[in-house]
Amino acid sequence: MDRTKILFVCLGNICRSPSAEAVMNSLIKAKGIEELFEIDSAGITGYHAGEPADQRMQRHALNRDIHLTSISRQVKSPADFEHFDYIIGMDNQNIDDLYQLAPNEQLAKKISKMTDYCTRHQHDSVPDPYYGGAAGFELVLDLLEDACEGLLEHIQSHE
Ligand code: 4NP
């Protein structure tokens with residue numbers, strides 16, 4: 001069976017999307033189903049390409065036993081749109097940018113927003129924590145843990 005391939009996307013690929021990648025990896029590993037998935041993350045911009053995740057984000061994640069290991073890279077079009085099954089942005093600007101990058105309407109159907117999979121939180125986006133304080137990083141992780149569980153349920157009920 002083909003793996004389900006998921007690409008998480010935020011602006012810089014150093015805070016939200018590498019965390020989404022790590023939370024999803026942790027969830028599927030805990031369930032023993034990591035062989036069924038390919039998980040990656042990327043940024044709309046390449047400003048931080050080649051860098052590890054933001055130190056503050058790493059520290060907050062580590063407090064929940066989530067290890068951020070990915071190195072920042074920019075979204076590639078058309079390659080990422082062809083390769084991945086789900087392309088998931090963190091906020092409305094990410095979604096607008098992804099639609100701009102999508103090679104065609106068919107491949108644009110792979111785009112969705114992370115908070116659409118939340119079942120416990122009412123937020124409309126995963127807010128950028130970069131210029132804020134500790135609470136912003138904790139909120140990112142709360143939303144991502146909720147959304148990753150919802151995303152997994154969505155995939156398992158649709159595939
Ligand atoms: P991210 O956060 O999109 O969650 O990785 C940001 C990281 C860096 C910048 C903005 C947002 N920046 O402007 O450098």
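The legends below describe an overall view and several close-up views of one predicted model.

Because the model is predicted, local features are reported only at pLDDT of at least 70 and side-chain atom pairs only at pLDDT 80 or more, whereas totals for chains, interfaces and linings use all residues. Residues are numbered from 1 along each chain as its sequence is written, and side-chain values use heavy atoms, with hydrogens and water left out.

**Figure 1. Overall view of the chain, with its six helices and four strands.**
Helices (H or I, at least four residues) and strands (E, at least two) are DSSP runs numbered from the N terminus, and in that direction the elements follow the order β-α-β-α-α-β-α-α-β-α. The radius of gyration, taken over C-alpha atoms, is 14 Å, which agrees with the value near 15 Å that a compact globule of 159 residues would have; the globule rule is 2.2 Å times the number of residues to the power 0.38. Along the principal axes, the C-alpha atoms fill a box of roughly 40 × 35 × 30 Å. Of the 159 residues, 51% count as buried, where buried means under 20% relative accessible area, exposed means over 50%, and partly exposed lies in between (1.4 Å probe, protein chains only). Contact means heavy atoms within 4.5 Å, and among contacts between residues at least 6 apart in sequence, 74% join residues at least 24 apart.

**Figure 2. Close-up of the salt bridge between E35 and R3.**
A salt bridge is a side-chain nitrogen of Lys or Arg within 4 Å of a carboxyl oxygen of Asp or Glu, and a search of the whole structure finds 10 of them. The side chains of E35 and R3 meet at 3.6 Å, N to O. E35 lies in the loop between α1 (16–30) and β2 (37–43) and R3 in the segment before β1, so this pair ties together parts that are 32 residues apart in sequence. E35 is exposed, with a relative accessible area of 57%, while R3 counts as partly exposed at 38% relative accessibility.

**Figure 3. Close-up of the salt bridge between D91 and R16.**
The closest N and O atoms of D91 and R16 are 2.9 Å apart. This pair links distant parts of the chain, with D91 in the loop between β3 (86–89) and α4 (92–101) and R16 in helix α1, 75 residues apart. D91 is buried, with a relative accessible area of 15%, and R16 is buried as well, with a relative accessible area of 2%.

**Figure 4. Close-up of the salt bridge between R73 and D40.**
The side chains of R73 and D40 meet at 3.1 Å, N to O. R73 lies in the loop between α2 (55–62) and α3 (79–83) and D40 in strand β2, so that this salt bridge links distant parts of the chain, 33 residues apart. R73 is buried, with a relative accessible area of 17%, whereas D40 is partly exposed, with a relative accessible area of 22%. Elsewhere, salt bridges that share partners join R64, E138, D142 and E145 into one network.

**Figure 5. Close-up of K5 and D146, two buried charged residues without a salt bridge.**
Lys and Arg count as positive and Asp and Glu as negative, while His and the chain ends are not counted. K5 is found in strand β1 (residues 4–10), and its nearest side chain of opposite charge, D85, is 4.6 Å away. Leaving aside neighbours within four places in sequence, K5 is in contact with E38, H83, F84, D85 and Y86. D146 lies in helix α6 (residues 134–158), and its nearest side chain of opposite charge, R120, is 4.0 Å away. Not counting residues up to four places away in sequence, D146 touches Y117, C118, T119, R120 and H121.

**Figure 6. Close-up of backbone features at P78, N13 and D65.**
Most residues other than glycine have a negative phi, and most peptide bonds are trans. The peptide bond from S77 to P78 is cis, with omega near 10 degrees, and P78 is found in the loop between α2 and α3. N13, in the loop between β1 and α1, has a positive phi of about 55 degrees although it is not a glycine, and at 1% relative accessibility N13 counts as buried. D65, in the loop between α2 and α3, has a positive phi of about 65 degrees and is likewise not a glycine, but D65 is exposed, with a relative accessible area of 58%.
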